[in-house]
Amino acid sequence: MSLHEPLNILMVDDQPAKLLSYETILKDLNVNLIRANSGDEALETLLRHEIAVILVDVCMPGLDGFELASMIRRHPRFQRTAIILVSGVFVEDVDRLKGYDSGAVDYVSVPIIPEILRAKVSVFLDLYRKTTELERLNRELERRVAERTAEIESAADKLRQNEERLRLVLTGRGIQAWTWDISKNEITWITPSGDSVCGFRCFTEFLSAVHPDDRAMVQEAFDTAVMGIGDYNVEYRMIDGNGEQWWQGRGTIIRDEAGRPLSIAGINTNITNRKRAEQERAILLKNAEEARREAEKANQLKDQFLATLSHELRSPLSAITGWAHMLRSGMLDEAKQAKALDIIHRNAMVQTQLISDILDVSRISSGKLHLELKPVDFPALVKAALDDVRPSAEAKNIQIDAVVPNDIECTYGDPARLQQVIWNLLSNAVKFAPDNGHVQVSLQKIGSKLELTVQDDGSGILPEFLPHVFEPFRQADSSSTRAHQGLGLGLAIVQHLLQMHGGSIEAMNRTDRSGALFKATIPMYMPEQLIGNGSDEQNDLPVITGSPAEFKGTRILIVDDHADVREIVSILLERSGAEVTLAASASEALKLIKRHSPDIVIADIEMPGEDGYSLIRKIRSLAPSKGGQTLAIALSAYASSQDRTRALEAGFQLHLAKPIQPQELITSVVSLLHRHRPILLSSTR
């Protein structure tokens, strides 16, 4: 199967309208879309076609989605087929767990976000292609290795048989027969016809033609044979006019009646072809192992990126949906309404930037990113970008020193894309500069080029990461405790946009102090290759309403490094009657647990410095009277079944995925209180 050959996607739903919507969403993925209106029809289709991905509606008459997924997964032919369950009714955690237990790799709730569904299906299609190709390569490698091994073993068997039958008799080309008179130190060589010829006249001459690295080994083999420890048997290399040749020398000592060695009779067999075959086999095995490691590395990077993407999109979405719910409920006063709108706008801008970066990378990969050329006032673009990032800098008390001359003439380029380049570099500097730090920006004309330099006084770039700083989806720290969030796309986009303008960018560490320095160079003329335009996409987010829960007086500790999330969760629970305490880190939470003895801890998993898994392990290590049995809910933007299982195994009672759904949060807290009421009653407050 070719990597570019269209794959088959089976869509199973008893509603034709939903099948049509799937076709509309997935039609641009270079796939064959196959419909099935029931589970029975889907099973018949699977027997006729090779299917890469299956979209299955959970709620269907007859054979439902759970049963269909379980039947498919049990069949050995469909072990690699990705099953995605879709439901607008069964959306609780227990339904999702049932879906994963039945064999599904993902569980999508209705309404479906087209971009996310396309991204998920694309990942599984790519994984199917790579896995299929890797299996093909493995089969081909095994075949070639088996053939080569069989050839080598066959040649070795024939050689052994000939050596045992004929011993010192010459039977063909590539074999030299010789005798060495030890007392006279004379070597006699015999051709296949039986005539004696003079080759190397003595052992010293012969040894001088042996490869320098093998001479000691050959000398030792002769000495061992002469001393009677064993026969002469050694493999070595010879250097002659034909280059380097491999030989195997074998010989037997001829002794007198007293046992003194008189001579050695032996043969030399040319084994160059065998050695080259062994070397080729070793190279094939090495290349195959490297290919396997590259494939595993690619899969690991893909999984890491998808996990990071999920977290980065869900975190701002939690604040947006939470505050939107509060606005629609009418329970906020005028000041809170203004604050809610500000938080929604700020997080929407964060998510918009993330989506824009993803779309830009997609356009770059497909060659659809183009430029709209116009005269550009570059100093004005730099000043505008400085105005945009100044609020972020002021929030960290960062001083920006800018040297931007006004007398630089206009050049040609795409103003919007160049503004994006400058903004990304400035935002990156502000992001990695420490609180109370400095960012320096300078623009100058050097010959026929503009040079923009942006530097910060942060910790700099790790030397081992420096060669990869402009690669997409690469981050120096991708762990769950990293201090700086993001997808690792900004600098990759900057480099590509500058190259489209005929420019370049360098990244280095400062030499005068700690910090990173980026130097962008742009020509003052319009390169012929600059062309194009672009487009953006957007989508709406659903709002879910909830009702207050009956847990008045319950003490709840909320642990999240994201202030907006802390506040919205706090308001939701306080309006239901709970007593809420807030913590921005794991260390702060531990102090509050020992001081206030909360009934429930709601903790984010990914936090800088120390994550939620570390926090729950420390809580469970406490004595029961000190809070060791405190009920705990994991709150995370990582929402796979593995993440849920890991949270429960770590010591959490529940796992809730971001974005936070108010009704789900309240219902989960009530359910947890009812199920574990004896623990609360027996705990020491």
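**Sheets, helix pairs and buried positions**

Author: Five strands form an open sheet in the order β20-β19-β21-β22-β23, with parallel pairing. The model is a predicted one, in which local features need pLDDT of at least 70 and side-chain atom pairs count only at pLDDT 80 or more, while totals for chains, interfaces and linings use all residues. Residues are numbered from 1 along each chain as its sequence is written, and side-chain values use heavy atoms, without hydrogens and water.

Reader: What makes two strands of this sheet, such as β19 and β21, a pair?

Author: Two strands pair if DSSP finds at least two bridges between them. Strands themselves are DSSP runs (E, at least two residues), as helices are (H or I, at least four residues), both numbered from the N terminus. Strand β19 (residues 555-559) is joined to strand β21 (residues 600-604) by four bridges, and the two run parallel. Within this pairing, Val559 stands opposite Ala603 of β21.

Reader: Which are the edge strands of the sheet β20-β19-β21-β22-β23, and what makes them so?

Author: β20 (579-583) and β23 (654-657) are the edge strands, since each pairs on one side only. Between neighbouring strands of this sheet the turn is 20° on average, direction ignored.

Reader: How do you know that α17 lies across this sheet, and at what angle does the helix run to β23?

Author: Contact means heavy atoms within 4.5 Å. Helix α17 lies across β19, β21, β22 (631-636) and β23, and runs at about 180° to β23. Such angles go from 0 to 180 degrees between N-to-C directions, with axes fitted as lines to C-alpha atoms, for helices over the stretch in contact.

Reader: Why are α13 and α17 called oblique or parallel to each other?

Author: Helix α13 (residues 563-574) and helix α17 (residues 662-675) pack at about 60°, with their axes 11 Å apart. Angles under 35 degrees count as roughly parallel, over 145 as roughly antiparallel, 65 to 115 as roughly perpendicular, and the rest as oblique. The two helices are therefore oblique to each other. Their crossing is right-handed, a term that applies if the near helix is turned clockwise from the far one by less than a right angle, whereas anticlockwise gives left-handed.

Reader: What kinds of residue make the contact of α13 with α17?

Author: Val569, Leu572 and Leu573 of α13 meet Pro662, Leu665 and Val669 of α17. These divide into six nonpolar, no polar and no charged residues. Here Ala, Val, Leu, Ile, Met, Phe, Trp, Tyr, Cys and Pro count as nonpolar, Asp, Glu, Lys and Arg as charged, and the others, Gly among them, as polar.

Reader: How do α10 and α11 stand to each other, and why?

Author: The axes of helix α10 (residues 378-395) and helix α11 come within 9 Å and cross at roughly 40°. By the angle classes above, α10 and α11 are therefore oblique, and the crossing is right-handed. Their contact comprises 14 nonpolar residues, three polar and one charged.

Reader: What is the order of the other open sheet, with mixed pairing?

Author: The order is β13-β15-β16-β18-β17, and the edge strands are β13 (399-403) and β17 (504-509). β17 and β18 are joined by six bridges and run antiparallel, with Met508 opposite Leu517 in β18. Helix α11 (residues 415-432) lies across β15 (438-446), β16 (449-456), β17 and β18, at about 20° to β16. Helix α12 (residues 490-500) lies across β17 and β18 and runs at about 140° to β17.

Reader: Why does Thr554 count as buried or exposed?

Author: Buried means under 20% relative accessible area, exposed over 50%, and partly exposed in between (1.4 Å probe, protein chains only). Thr554 has 8% relative accessibility and therefore counts as buried. Thr554 is placed in the loop between β18 (516-523) and β19. Leaving aside neighbours within four places in sequence, Thr554 is in contact with Ala578, Glu579, Asp599 and Leu673.

Reader: Into which class does Ile34 fall, and why?

Author: Ile34, found in strand β2 (residues 31-36), has 17% relative accessibility and therefore counts as buried. Beyond its neighbours within four places in sequence, the contacts of Ile34 include Ile9, Met11 and His49.

Reader: What makes strand β3 mostly covered?

Author: Five of the five residues of β3 (residues 53-57) are buried. Val53, Leu55 and Asp57 lie on one side, Ile54 and Val56 on the other. β3 pairs in the parallel sense with strand β1 (residues 7-12) over four bridges and with strand β4 (residues 82-87) over five.
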